[in-house]
Amino acid sequence: MKLAFLLLALANLALFAWQQDIFGGLSDAGREPERVNRQVEPERIRVLTQPEVQALRAKAKEMPRETPPPAPPPPNAGAAGASIAVADLAGMTCVEVGDFTIENAGRARQRLDALGLGDRLTVRSVDAPGWFMVYVPPFKTRAEADRRAEDLRRAGVKELLVIGDNSPMRYGIALGSFKDQELAIKYASDLERRGIKGVRVADKSSNVQVTRFQLRSVDAALAESLRTLQKEFNAARFQTCAA
């Protein structure tokens, strides 16, 4: 009992001593007056006047700014002859579509003329190497070749041309030319299955005069028409215009 009383008295005495700051005061480092006193050169902190603010803003405007990274080149910035995907046609300055052989160039021209492009359309011919011709061998006379050509049209062959006098294959009938020999053979086989006899494929590639159409200021409407054109003519490819 005496021990408990003694401990309680000591505790009260310690509490009294703490309240009287006998053990030293607690740090006020976290309180606002002490924070101000501990600042480095607190006398230099002051509120700027309006003229001083304006002077700082003017100085900031005069400082050189970081140069932004260069913008990516526009679609038309590619080298002439660069291939273009169908989805990227809209917005092009000049697009060239080809290559159309003599068998299908006329029909392609009709499709483009129907769009009313006026001087936005330019036609040029190019002598292109590496084509394999699908053909019917020459007849003795032009009349015979014309009659056979008419039979082929009635059978559903849309692309054909009776070869003229200035060719070694005079009075033959050209049914199509292909850059890929396997495609040429496949087309000839398809004609055979449709009952069209006597179709041949050239053993060697040769130079063929092809037609390319240049179209300028391609907007969204024209781009959509060109997509349709490519579906009709599987060989149609798009590229940037040559100089």
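This briefing walks through the fold, the cores, one pocket and some single residues of the structure above. The model is predicted. Its chain has 7 helices and 7 strands. Of the 243 residues, 28% count as buried.

**Overall fold**

- Along the sequence, the elements follow the pattern α-α-α-β-α-β-α-β-β-α-β-β-α-β.
- Contacts often span long stretches of sequence: among those between residues at least 6 apart, 77% join residues at least 24 apart.
- One such pair in space is A108 and L229, which are 121 residues apart in sequence and 7.8 Å apart from C-alpha to C-alpha.
- Another pair is E224 and A90, with their positions 134 residues apart in sequence and 8.3 Å between their C-alpha atoms.

**Nonpolar cores**

- The largest nonpolar core has 22 residues.
- Those with the most contacts inside this core are L89, V97, F100, L215, V218, L226 and F238.
- Strand 1 (94-100), helix 4 (105-113), strand 6 and helix 7 (220-232) each give two or more residues to this core.
- Helix 7 supplies the largest share of this core, 4 residues.
- Apart from this core lies another one, of 18 residues. Its members include A149, Y171, L175 and A184.
- Back in the largest core, V218 is one of the residues with the most contacts inside it.
- Leaving out residues up to four places away in sequence, V218 touches L89, A90, G91, M92, V95, R120, A223 and L226.

**Helix 4 and its cover**

- Helix 4 has A105, R107, A108 and L112 as buried residues.
- These residues cover an arc of only 165° around the axis, so they sit on the same side of helix 4.
- The cover over the buried residues of helix 4 includes strand 1, strand 2, strand 6 and helix 7.
- A108 belongs to helix 4. This alanine counts as buried because its relative accessibility is 0%, and buried means under 20%.
- Beyond residues up to four places away in sequence, A108 touches F100, F213 and F233.

**The second largest pocket**

- About 300 Å³ of space lies in the second largest pocket.
- Its lining has 16 residues. M133, S167, M169, S206 and N207 lie nearest the centre of the pocket.
- Strand 2 (121-136) and strand 6 (206-216) each supply at least two residues of this lining.
- Strand 6 gives the largest share of the lining, 4 residues.
- By type, the lining of the pocket divides into 8 nonpolar, 6 polar and 2 charged residues.

**Buried or partly exposed: two residues**

- S177 sits in strand 4 (residues 173-178). This serine is buried, with a relative accessible area of 10%.
- Outside residues up to four places away in sequence, S177 touches T101, E103, W131, F132, M133 and V208.
- One of these partners, M133, is also among the residues nearest the centre of the second largest pocket.
- E224 is found in helix 7. With a relative accessible area of 43%, E224 is partly exposed.

**Backbone features**

- Most residues other than glycine have a negative phi, and most peptide bonds are trans. The next points concern exceptions.
- The peptide bond from G98 to D99 is cis, with omega near -10°. D99 lies in strand 1.
- Y171 is not a glycine, but has a positive phi of about 70°.
- The loop between strand 3 (161-162) and strand 4 holds Y171. This tyrosine is buried, with a relative accessible area of 14%.
- Y171 is also a member of the core of 18 residues.
- S217 has a phi near 55°, a positive value in a residue other than glycine.
- The loop between strand 6 and helix 7 is where S217 lies. At 47% relative accessibility, S217 counts as partly exposed.

Notes
Residues numbered from 1 in each chain as written. Predicted model: local features only at pLDDT ≥ 70, side-chain atom pairs only at ≥ 80, totals over all residues. Heavy atoms only, no water. 1 Å grid on protein atoms, 1.4 Å probe; cavity = no way out; pocket = protein on both sides within 12 Å on 5 of 7 lines; lining within 4 Å. Points joined across faces, edges and corners; volume = space filled by probe spheres on them. Nonpolar A, V, L, I, M, F, W, Y, C, P; charged D, E, K, R; others polar. Core = buried A, V, L, I, M, F, W, Y, C linked by side-chain atoms within 4.5 Å. Buried < 20%, exposed > 50% of the residue type's maximum accessible area, 1.4 Å probe, protein only. Contact = heavy atoms within 4.5 Å. Arc of directions from axis to C-beta.
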